[in-house]
Amino acid sequence: MVLPFRSAFADKPLPSSPKKRSVPLTPKMQPSLIAKIRFVGLKRLRPHTVMRWVYSQQGETFSRKTLQNDLKRLRRSGYFSRVGAKFQMTNGLVLITFELTERKGMVRAIYFVGSKNFTAAQLQERIRMRPGMFFVRSLLAKDARSIIK
């Protein structure tokens with residue numbers, strides 16, 4: 001059974017001019033600045049490399065939404081098997097700690113076998129995977145498709 005919608009304010013006239021309320025910022029509502037960003041669990045990658053995927057920056061205003069987007073970008077990078085973050089707020093300052101587990105497979109070398117029409121250098125130009133990168137199966141599939149084209 002569907003009930004008709006009736007607003008609780010349907011019988012009341014609209015105010016002619018809405019009153020503006022000014023609410024002072026309390027210490028809890030003050031924007032918090034990011035004091036430090038740490039990375040825990042890195043073994044091969046360096047923190048400045050990982051910062052490429054992180055938009056939160058030291059000295060800027062902390063935002064939970066930006067932190068969630070940072071976690072998405074770190075997951076999509078393909079370099080980590082686990083991604084997490086913690087943050088601590090103290091006296092208007094925020095310490096962000098990213099907890100990361102790097103993938104285990106590392107590309108040591110790339111060999112092209114059986115190609116008669118292209119040199120290894122020409123094929124290497126068509127792919128994105130490089131020695132020293134973490135092995136990502138989806139990137140291998142994209143590289144294979146780019147060679148077949």
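These exercises work through a predicted model, from its overall fold down to single residues.

**Exercise 1. The fold in outline**

Task: Find how many helices and strands the chain has, and the pattern they follow along the sequence.

Solution:
- Step 1. Count the elements. The chain holds four helices and three strands.
- Step 2. Read along the sequence. The pattern is β-α-α-β-β-α-α.
- Step 3. Check burial. Of the 149 residues in the chain, 26% are buried.
- Step 4. Check the contacts. Take those with a separation of 6 or more; 49% of them join residues 24 or more positions apart.

**Exercise 2. The sheet**

Task: Work out the strand order, and say which strands stand at the edges.

Solution:
- Step 1. Set out the order. The three strands form an open sheet, S1-S3-S2, with mixed pairing.
- Step 2. Pick out the edges. Strand S1 (33-40) and strand S2 (80-90) each have a single partner strand, so each has one side without a neighbour in the sheet.
- Step 3. Add the twist. From one strand to the next it averages 15°.
- Step 4. Take the pair S1 and S3. S3 covers residues 93-102, and seven bridges join S1 to it. These two strands run parallel.
- Step 5. Take the pair S2 and S3. Here 10 bridges join the strands, which run antiparallel.
- Step 6. Recall the background. Strands of a sheet pair through backbone hydrogen bonds, in either a parallel or an antiparallel way.

**Exercise 3. Residues across the strands**

Task: Find which residues stand opposite Thr-97, and decide whether Thr-97 is buried or exposed.

Solution:
- Step 1. Place the residue. Thr-97 is part of strand S3.
- Step 2. Look towards S1. Arg-38 stands opposite Thr-97.
- Step 3. Look towards S2. Lys-86 stands opposite Thr-97.
- Step 4. List the contacts. Leaving out residues up to four places away in sequence, Thr-97 touches Arg-38, Val-40, Gly-84, Ala-85 and Lys-86.
- Step 5. Apply the cut-off. Buried means under 20% relative accessible area. Thr-97 has 10% relative accessibility, so it counts as buried.
- Step 6. Note two further pairs. Val-40 faces Glu-99 of S3, and Val-83 stands opposite Leu-100 of S3.

**Exercise 4. The hairpin**

Task: Locate Asn-91 and state what is notable about its phi.

Solution:
- Step 1. Find the loop. Asn-91 lies between S2 and S3.
- Step 2. Describe the turn. The hairpin of S2 and S3 has two residues between the strands.
- Step 3. Read the angle. Phi of Asn-91 is near 50°, a positive value in a residue other than glycine.
- Step 4. Set this against the general trend. Most residues other than glycine have a negative phi.
- Step 5. Judge the exposure. The cut-off for exposed is over 50%. Asn-91 reaches 77% relative accessibility, so it counts as exposed.

**Exercise 5. Helix H2 and two of its residues**

Task: Say how H2 lies on the sheet strands, and whether Asp-70 and Arg-64 are buried or exposed.

Solution:
- Step 1. Place the helix. H2 lies across S2 and S3, and runs at about 160° to S2.
- Step 2. Take Asp-70. This residue sits in H2, which covers residues 64-76.
- Step 3. Judge its burial. Asp-70 has 0% relative accessibility, so it counts as buried.
- Step 4. Find its polar partner. The side chains of Asp-70 and Ser-56 make a polar contact at 2.6 Å.
- Step 5. Add its wider contacts. Beyond four places in sequence, Asp-70 touches Trp-53, Val-54, Tyr-55, Ser-56 and Phe-98.
- Step 6. Take Arg-64. It also lies in helix H2. Its relative accessibility is 55%, so Arg-64 counts as exposed.
- Step 7. Compare sequence and space. Arg-64 and Phe-87 are 23 residues apart in sequence, and their C-alpha atoms are 9.6 Å apart.

**Exercise 6. The largest pocket**

Task: Give the volume of the largest pocket, and name the element that supplies the largest share of its lining.

Solution:
- Step 1. Read the volume. The largest pocket holds about 210 Å³ of space.
- Step 2. Look at the lining. Residues there include Arg-76, Tyr-79, Arg-128, Met-133, Phe-134 and Lys-142.
- Step 3. Assign the share. Helix H4 (residues 137-148) gives the largest share, three residues.

Definitions and conventions:
Residues numbered from 1 in each chain as written. Predicted model: local features only at pLDDT ≥ 70, side-chain atom pairs only at ≥ 80, totals over all residues. Heavy atoms only, no water. Buried < 20%, exposed > 50% of the residue type's maximum accessible area, 1.4 Å probe, protein only. Polar contact = N/O pair within 3.5 Å; in protein donor to acceptor, adjacent residues only side chain to side chain. Contact = heavy atoms within 4.5 Å. Pairing = 2+ DSSP bridges. Axes fitted to C-alpha atoms, helices over the stretch in contact; angles between N-to-C directions. 1 Å grid on protein atoms, 1.4 Å probe; cavity = no way out; pocket = protein on both sides within 12 Å on 5 of 7 lines; lining within 4 Å. Points joined across faces, edges and corners; volume = space filled by probe spheres on them.
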